[in-house]
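Colleague: Could you take me through one part of this model, the place where the two chains meet? I'd like a close look at what goes into it, and at whatever sits behind it.

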Amino acid sequence: MNQVLDQKDFSELFSESLKFEYEYDPATQILRLDAAHLPELFALLANDERLAMGYLRDLTAKEQPEGEFHVVYNWASIEHHHTLMAVAKVPGSLDVPSATQYWESANWMEREAWDMFGIRFAGHPDLRRIYLEETVSFFPLRKSFKVSPVQNVRDLGGSEREIAKAKAKAAKEAKEPAGDR
Amino acid sequence: MAHRYTQPDLMELRSDDLETQELTLNVGPQHPSTHGVLRLVAVTDGEIIKSLEPHIGFLHRGMEKNSEGREYRQLIPLWDRNDYLASMHMDYMTTSAVEALMDLEVPRRAEYIRVIMLELQRIASHLFWFASFALDSGAVTPLFYALKEREKIIDLFEMASGARLLYNYIRPGGVRADITPAFMEKLSKFIREFPRYLDECEQLYTGNAIFINRARDVGVLTREAAINLGVSGPVLRGSGVAWDLRKDEPYSIYPEFKFDIPVGERGDVLDRYEVRFYEMRMATEIVRQAMEGLPEGDYVAKVPPSPKTKAGEVYVRQEAARGELGCYLVSDGGRKPWRFHVRPASYLNLGALDTMCRGYLFADLIIILGSIDIVLGDVDK
């Protein structure tokens, strides 16, 4: 486990600056909030001299057992040597404000979260899938996605033409089984 | 009879009558210079790169999804295939994430062995980078020098773990097997000889005027852009940011060792090159100190074969060969992770390639890509 050289207690700073409901634990440095309030948090972290969280080192998402999604941010301040983790509850519409206007590193990481979980980041300049094909219909890191039953061509990222070809092949095989020739 | 030249003289044509247009050029996905399966689409104006877009995902294996169905002990050999040139760092990443959610006292001897292995791995990885980077910049000879030396480290790893590439050596509680006196003897011989070898390499290549002309003031990444883009490791330090997790967010027993952090001035390809060379010297120094201080005792704590963790979430990170290797583990208190996310350093470093290449010649693209030191298996997960 990493020790952070100059970890501070931000309770006071947050209570005077953040005008919404949140939970903050100085021992673990985890801040829990609703995703709708993220723009206020971003502005505070990026602009406040006492925080100066210039380095967005990680951004990812997770699904809770009850099906709710969370977006997880990890910041570090290279000037002040402190860190913060924020866990934001995603609303049912799966729309989350993008962090790209403050940290460019969010660009690819938000694309990854969209690719894997289907969470849309409003204000992202170029929200496309990053690992999988655009034609893929699923979001693999959701718990509802099971690994084994992936079989059809569309789910493997095939184009319309390939799907038509595979259908024709299957129909032909159904007519005359391969072993009979 | 001499041929009479009847065409209008091209030199008399004025340049603004010539039509120019931007050209989109594709590199890869299968190309020997892209270090794996990577596709780059460059928009060029003449020979100048206007913008560049990397397309990744050709090696995506769904490792994070795969991890959710596996026990922690199975995650170690799974993830050490991710960055196959720095397997020890991947082993340590999984181990440190699991240990952070366990009440576990790791024996001091195990921590020392880990540091020796991690630093040797850093040297091996940087040597491989030197080999391929020299190829990218047009020199073939350094490949043979570098791989000859890397072979010695791989032999050491084979003595310790039994494997040459994918070690599965560092595990929760300590390491898999103790190191032997024969290993120590071979290691001290290597540590004695290695600085001389580095001098030889620098004589061979660093002072080469052709190389310096190609690498200096090429692919410049400013300090502010580097931090904002989230790059890490030698790329970040090459841009003048003294940020090394071994010193700035220390883990394991790194605070006990004395070493320096090399920092670049210009943020160009040459700075990244020099930072990596200096890091190899410093890694040798750390291994020497760890060998001198190696205590007696257990090399592994008592841990059940398939360990359980506390419920909770943790983000651990370490300074791997390519930069910050982070791991976000969410556990519900069982033998398997609920969510296992890895932040590979190469991923965000490659994301900065567009910024580094804009305004430079297309011919510089490959040397800039080589200076980032990506492993596509690591990027694509």
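Modeller: Sure. One cut-off before we start: I call two residues in contact when they have heavy atoms within 4.5 Å of each other. Also keep in mind that this is a predicted model.

With that cut-off, take A:Trp75. Leaving out residues up to four places away in sequence, A:Trp75 touches a whole list of chain A residues, among them A:Leu41, A:Phe42, A:Leu45, A:Met53, A:Tyr55, A:Arg57, A:His82 and A:Trp103. A:Trp75 also belongs to the largest nonpolar core, which has 138 residues. Together with A:Tyr73 and B:Tyr169, A:Trp75 is one of the residues with the most contacts inside that core. As for who fills it, helix α4 of chain B, residues 108-136, gives the largest share, 15 residues. There is a second, separate core as well, with 20 residues, including B:Trp79 and B:Met102.

Now the contact between the chains. Chain A puts 48 residues into it and chain B puts in 44. The buried area comes to about 4000 Å², with carbon and sulfur atoms giving 55% of that. On the chain A side, A:Arg57, A:Trp108 and A:Tyr131 supply 20% of the area that chain A buries against chain B, more than any other three residues. You've met A:Arg57 already, as one of the residues that A:Trp75 touches.

What about the polar side of things? Between chain A and chain B there are 28 residue pairs in polar contact, both residues being at pLDDT 80 or more. The salt bridge count between the two chains is 7. One to look up on your screen is A:Lys62 with B:Glu313, where the closest N and O atoms are 3.2 Å apart.

As for which elements of chain A do the touching, β2 (30-34), β3 (55-63), β4 (69-77), β5 (82-89) and α3 (106-117) each supply at least two residues. The largest share is from β3(A), with 8 residues. Sorted by class, that side of chain A has 26 nonpolar, 10 polar and 12 charged residues.

One last spot, in chain B: B:Ser306 lies in the loop between α11 (269-293) and β8 (311-320). B:Ser306 counts as buried because its relative accessible area is 13%, and the cut-off for buried is under 20%. Apart from its neighbours within four places in sequence, B:Ser306 is in contact with B:Glu71, B:Arg73 and B:Arg335.

Definitions and conventions:
Residues are numbered from 1 along each chain as its sequence is written. Chains are lettered from A and ligands numbered from 1 in the order in which they are written. This is a predicted model: local features need pLDDT of at least 70, side-chain atom pairs count only at pLDDT 80 or more; totals for chains, interfaces and linings use all residues. Side-chain values use heavy atoms; hydrogens and water are left out. Buried area is the accessible area (1.4 Å probe) that two parts lose on being put together, summed over both. A salt bridge is a side-chain nitrogen of Lys or Arg within 4 Å of a carboxyl oxygen of Asp or Glu. A polar contact is a pair of N or O atoms within 3.5 Å; within protein, one must be able to donate a hydrogen and the other to accept it, and residues adjacent in sequence count only if both atoms are side-chain atoms. Helices (H or I, at least four residues) and strands (E, at least two) are DSSP runs, numbered from the N terminus. Ala, Val, Leu, Ile, Met, Phe, Trp, Tyr, Cys and Pro count as nonpolar, Asp, Glu, Lys and Arg as charged, and the others, Gly among them, as polar. A nonpolar core is a set of buried Ala, Val, Leu, Ile, Met, Phe, Trp, Tyr and Cys residues joined through side-chain atoms within 4.5 Å. Buried means under 20% relative accessible area, exposed over 50%, partly exposed in between (1.4 Å probe, protein chains only).
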